[in-house]
Amino acid sequence: MMGSKKEFHSALFYEFCLEDHVPADHFLRSVDRFVDLNDIRKYLVPFYSDIGRPSIDPELLIRMLLVGYIMGIRSERRLCEEVHLNLAYRWFCRLDLGDAVPDHSTFSKNRHGRFRESDLFRQLFESVVTRCIEEGLVSGQRFAVDASLIEADTNRQNSTSKEEWKPEVINPAEALRAVREYLATLDDAAFGAATTVQPKFTSHSDPASQWTAARKGPAYFAYSANYMIDTDNAVILDVEATRSVRQAEVGAARTMIDRIADKFNLHPERLIADTAYGSAPMLDWLAQQRGIAPHIPVIDKSGRKDGTFERADFIYDADDDSYTCPGGKKLRQFRRAYKTPRSGADKDNTMRYRAKKTDCDTCGLKSVCTPREPQRKVTRSIYEPSRDIARNITKTIDYAISCKLRKKVEMSFAHLKRILKLDRLRLRGPCGAKDFFNGIGSMLSLDMYIQCKQFFALTYFMKFHGSSFLI
Ligand code: SF4
């Protein structure tokens, strides 16, 4: 029998409990258990006025941003609509049925305003790391570091060649926010002061980004995302945004090691990295100044391709401070005593040891030692003892294990680019890159946390939803 037509009559009173309508196994319940935003209000107090109309709860904004990220809602307008309509989203954001959802413009206002001034995303990232440490997911014994290029939100057409780029004529008062940030970071070791080499092109809309062809393909503008992880569970312990040049990336590794020591009191016994971090000063800094074993391949350009003797064919005698050549002769820096002792190191921190011309002139090995020069010369870095430490480590079983552990940091970048499709920035300027990478670091660490506790991969859920970042 057909039922009677249902007429809609709105009830005068409702008895409705949001908690009862969110399924016990809903994904957001799993995330909610691991998200701790209690400290946000305390942290943001100095950035709000003491008088005036009460603001929207900052925790609500962060929870909404998390929903947008996890559920793949890119548009801030759509996010507000979804939170308005979806009961589970309301529950996660602590909004009751009758509570108003903030306007979409509130997000951009806060992101570029007090959230950035207060470095809130950094604070969020550190709170996730702290929780991972408290739960025993981080031993702090073995760290791995790497950098990856993330394409900047700009293109080649909107750029100027290095001959025509004149930063001194830019008026900061009239410049875009990203350009003002570029001017402010010209002396920053992670950006402008990383190298004196001018890039071939500079972008107008995001001049701090680096024109690079490091991927061996067509060049493009990019920033480098630098991550330092604890290799136990691949929890990201620190993040740094830099220009995409090696000097800046190596500097970022130093910054992160010191910051992790200050913030979390973690002092690793080894640092695992690829050849890009194997410069002599970096190895010396790790081994001598920080007492960290460098599990890093040494950058060594002493090899020769023409078949003549390499530096490795000369034996160094530390007591005598001399090299012995394959012909049994001594190579020295000085052959007479100076009144004032000399260090022997040149401006490039390299010492030069020379054979006697008379020895080489009469040597039968000259054609395979120094066929074009009258006497043989061998160079030695002042950091050679540290380079030797790193070379000896590469012969151990521990190093073979470290090579496998290094894959974990590369896996984080693979998650970032292949699964989350976050291979292009959506924010401009050094601050935009910083916020973006801090946000990514928080989510990837949270992901590892949830995986370890619930055997559930947040990133795979996000892939299913095609999620992306709003922050
Ligand atoms: S050429 Fe000079 S440095 Fe080379 S093996 Fe002969 S003596 Fe030694």
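## A first look

Helices here are DSSP runs of type H or I with at least four residues, numbered from the N terminus. With that in hand, we can meet N265, the residue that follows helix 11 and has a positive phi, near 55 degrees. Please keep in mind that this is a predicted model.

## The chain as a whole

The protein chain holds 18 helices and 13 strands. Its radius of gyration is 29 Å, while the globule rule gives 23 Å for 471 residues, so the chain is more spread out than a compact globule. Along the principal axes, the C-alpha trace spans about 115 × 55 × 50 Å.

How much of the chain is buried? Buried residues account for 37% of the 471 residues. Among contacts with a separation of 6 or more, 70% are between residues 24 or more positions apart.

## Three domains

The chain is divided into domain 1 (18-118), domain 2 (139-297 + 394-448) and domain 3 (311-386). Between the C-alpha centres of domain 1 and domain 3 there are 67 Å.

## Helix 11 and its neighbours

Helix 11 covers residues 246-264. Its 19 residues, at 1.5 Å a residue, should span 27 Å, and the end C-alpha atoms are indeed 27 Å apart, so expectation and model agree.

Which residues of helix 11 are buried? They are A248, E249, V250, G251, A252, A253, I257 and I260. The buried residues of this helix pack against strand 1 (142-151), strand 5 (220-230), strand 6 (235-243) and helix 12 (280-289). As a helpful background point, an α-helix has 3.6 residues a turn, so residues three or four places apart point the same way.

## An exposed arginine

R78 sits in helix 5, which runs over residues 76-85. Is R78 buried or exposed? It counts as exposed because it has 12 C-beta neighbours inside 10 Å, and a residue with 12 or fewer is classed that way. R78 and G441 are 363 residues apart in sequence, and their C-alpha atoms are 25 Å apart in space.

## Around the ligand

Now for the ligand, which has 13 residues around it. Which of them come nearest? Those are C325, G327, C360, C363 and C369. Two helices, helix 13 (357-361) and helix 14 (366-369), each supply at least two residues of the shell around the ligand.

By residue type, the shell around the ligand divides into 7 nonpolar, 2 polar and 4 charged residues.

Methods. Residues are numbered from 1 along each chain as its sequence is written. This is a predicted model: local features need pLDDT of at least 70, side-chain atom pairs count only at pLDDT 80 or more; totals for chains, interfaces and linings use all residues. A residue is near a molecule or strand if its C-beta atom, placed from the backbone, lies within 6 Å of it. Ala, Val, Leu, Ile, Met, Phe, Trp, Tyr, Cys and Pro count as nonpolar, Asp, Glu, Lys and Arg as charged, and the others, Gly among them, as polar. The radius of gyration is taken over C-alpha atoms; the globule rule is 2.2 Å times the number of residues to the power 0.38. A residue is buried if 20 or more other C-beta atoms lie within 10 Å of its own, exposed if 12 or fewer, and partly exposed in between; C-beta atoms are placed from the backbone. Two residues are in contact if their C-beta atoms, placed from the backbone, lie within 7 Å. Domain bounds come from an automatic or database domain assignment. The expected span of a helix is 1.5 Å times one less than its number of residues.
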